[in-house]
Amino acid sequence: MVKILMHGCNGKMGRMITEIVKNEEDAVIAAGVDKFTGIPNDYPVFEKITQCDVGVDVVIDFSNAGAVDELLDYCVKKSLPVVLCTTGLSDEQLKKVDECSEKIAVLKSANMSMGINLLLKLLKDAAKVLAPAGYDIELVEKHHNQKLDAPSGTALALADSINEAMGNEYEYVYDRSQVRKKRDAKEIGISAVRAGTIVGEHEVIFAGTDEVIEFKHTAYSRSVFAKGAVEAGKFLAGQPAGMYDMGDVIQF
Ligand SMILES: NC(=O)C1=CN([C@@H]2O[C@H](COP(=O)(O)OP(=O)(O)OC[C@H]3O[C@@H](n4cnc5c(N)ncnc54)[C@H](O)[C@@H]3O)[C@@H](O)[C@H]2O)C=CC1
Ligand SMILES: O=C(O)C1=N[C@H](C(=O)O)C[C@H](O)C1
C-alpha cells in the first residue's frame with residue numbers, strides 16, 4: 001500500500017485526487033497539507049508541511065509556486081520522493097528542483113494527462129516536417145478565471161518539446177501589443193485566455209501558405225490530471241534519486 005502525502009489537499013486538484021484515491025486498492029492518502037484547513041477530511045491535515053509528522057512513501061503536490069521551496073526542503077530532509085505538479089515556478093526554483101533531484105526522486109510534469117503527454121511526442125515529428133517547410137508555430141491555451149500563472153505550464157512544455165526537436169532555435173513571444181514588425185520565422189507565439197470554468201485547453205497551430213494544421217487537447221474534467229498524478233505517485237514511491245517525468249510512467 002503506497003501512503004501518499006497530498007500537498008494542497010483542499011484545492012481543486014487536491015480534492016479531486018482525494019476522491020480518486022478512495023477507489024484505489026494499492027494507495028491511500030495518509031496525510032494532507034493545506035494552508036486552508038476549513039474542509040473536513042478523512043485524513044489528518046496540517047497547515048504547514050513542516051508540521052507533518054505522519055510517515056508516508058511519496059508526496060503529490062498541487063499547491064502554489066510560493067509553497068514549493070519549503071516543500072522541497074522537507075522532502076530532502078525526510079528523503080521523500082515528490083510528484084511536483086504545481087506550475088509557474090521561477091527559474092531559481094527550477095534550478096532548486098534539479099539540485100534536489102540529486103538527493104531524492106522528483107517527477108515534475110506540468111500536465112499529468114495521457115493526451116498531453118502523447119502530444120508532447122507527436123509535436124516533435126510534426127515540427128521536424130512543418131517548420132523547415134516554413135510553417136509558423138503558434139500556441140493558444142485557455143483556462144479558468146482562478147488560474148494564477150500565465151502562460152500555462154503545459155503551453156511552455158509543448159513549446160519546449162517543439163523547440164527541443166528544432167535544436168532550441170526558437171524564441172517565445174507572449175505579447176505582440178508593443179511590437180510593430182512582422183513575426184520572425186523562428187518564433188513560437190504563446191497566447192493565454194482566462195475565462196469562466198474552462199478546465200484546460202491547448203491548441204498548437206502550424207500555419208503555412210494556404211494550409212493550417214492544428215493539434216488540440218481539451219480536458220473536460222480534472223480527473224485526467226488526478227488519475228495521472230496517482231499513477232505517478234505509485235510509480236515514484238521507492239525510486240532512487242533522479243529527475244523523472246510522465247514519459248517514465250506512461251509507456252507509449
Ligand atoms: N500538472 C498538472 O497536470 C496540473 C497542474 N496544476 C497546477 O497545480 C496547482 C494547483 O492547482 P489547483 O488545485 O487548481 O489550485 P487551487 O488554488 O484550487 O489549490 C491550491 C491549494 O494549495 C493550497 N496552498 C497554497 N499555498 C499553500 C502553502 N504554502 N502550503 C500549503 N498549501 C497551500 C491552497 O490553500 C489551495 O487549497 C497550480 O499551480 C496549477 O497550475 C493544476 C492542474 C493540473
Ligand atoms: O491551473 C490549472 O488548472 C492547470 N494547470 C496546468 C498548467 O498550467 O498547464 C495544467 C492544466 O492545464 C490545468
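**Backbone exceptions, ligand shells and annotated sites**

N168 counts as exposed, because 9 C-beta neighbours lie inside 10 Å and the limit for exposure is 12 or fewer. The model is predicted. N168 sits in the loop between α5 and β8 (171-173). Its phi is near 55 degrees, a positive value in a residue other than glycine. Most residues other than glycine have a negative phi.

D210 also has a positive phi, of about 65 degrees, although D210 is not a glycine. The residue belongs to the loop between β10 (200-208) and β11 (211-219). D210 has 5 C-beta neighbours inside 10 Å, so it counts as exposed. A further backbone exception concerns a peptide bond. Most peptide bonds are trans. The bond from A150 to P151, however, is cis, with omega near -5 degrees. P151 is placed in the loop between β7 (136-143) and α5 (153-165).

The loop between β7 and α5 also holds H144. UniProt, in an unreviewed entry, gives the annotation "binding site" to H144, G153 and T154. H144 has 13 C-beta neighbours inside 10 Å and therefore counts as partly exposed. Leaving aside neighbours within four places in sequence, H144 is in contact with G196, T197, I198 and V199. G153 lies in helix α5. With 19 C-beta neighbours inside 10 Å, G153 counts as partly exposed; burial would need 20 or more. Beyond the four places to either side in sequence, G153 contacts T87, G88 and A110.

G153 and T154 also appear around ligand 2. The other residues surrounding this ligand are T87, A110, N111, H143, K147, S152 and G200. T87 and A110 thus belong to the shell of ligand 2 and are also in contact with G153. By class, the shell has 7 polar residues, 1 nonpolar and 1 charged.

Ligand 1 has 25 residues around it. Those that come nearest are G8, G11, M13, A67 and C85. Helix α1 (residues 12-21) supplies the largest share of this shell, with 3 residues. The shell divides into 12 polar, 9 nonpolar and 4 charged residues.

K35 carries the UniProt feature "binding site", again from an unreviewed entry. K35 is located in the loop between β2 (27-33) and β3 (45-46). There are 15 other C-beta atoms within 10 Å of K35, so the residue is partly exposed.

R222 is placed in the loop between β11 and α6 (223-236). What does the C-beta count say of R222, buried or exposed? With 20 C-beta neighbours inside 10 Å, R222 counts as buried. This count meets the cut-off for burial, because 20 or more other C-beta atoms are required. Not counting residues up to four places away in sequence, R222 touches K12, M13, M16 and V199. M13 is one of the residues that come nearest to ligand 1. V199 is in contact with H144 as well. R222 and M112 are 110 residues apart in sequence, yet their C-alpha atoms are 9.9 Å apart in space.

A helix pair was also examined. Two packed helices are described by the angle between their axes and the distance between the axes. Helix α2 (residues 68-77) and helix α3 (residues 91-100) pack at an angle of about 10 degrees. Their axes are 11 Å apart. Why are α2 and α3 described as roughly parallel to each other? The description follows because angles under 35 degrees count as roughly parallel. On the α2 side, the contact is made by V68, D69, L72 and V76. On the α3 side, Q93, K96, V97 and C100 take part. The contact residues divide into 5 nonpolar, 2 charged and 1 polar.

At the level of domains, UniProt lists residues 115-250 as "domain: Dihydrodipicolinate reductase C-terminal", from an unreviewed entry. The span is 32% helix and 29% strand. Its end C-alpha atoms lie 11 Å apart.

Terms used
Residues numbered from 1 in each chain as written. Chains lettered and ligands numbered in written order. Predicted model: local features only at pLDDT ≥ 70, side-chain atom pairs only at ≥ 80, totals over all residues. Near = placed C-beta within 6 Å. Helix = DSSP H or I, 4+ residues; strand = E, 2+ residues; numbered from the N terminus. Nonpolar A, V, L, I, M, F, W, Y, C, P; charged D, E, K, R; others polar. UniProt positions renumbered as here; feature names shortened; annotations may be inferred. Axes fitted to C-alpha atoms, helices over the stretch in contact; angles between N-to-C directions. Contact = placed C-beta atoms within 7 Å.
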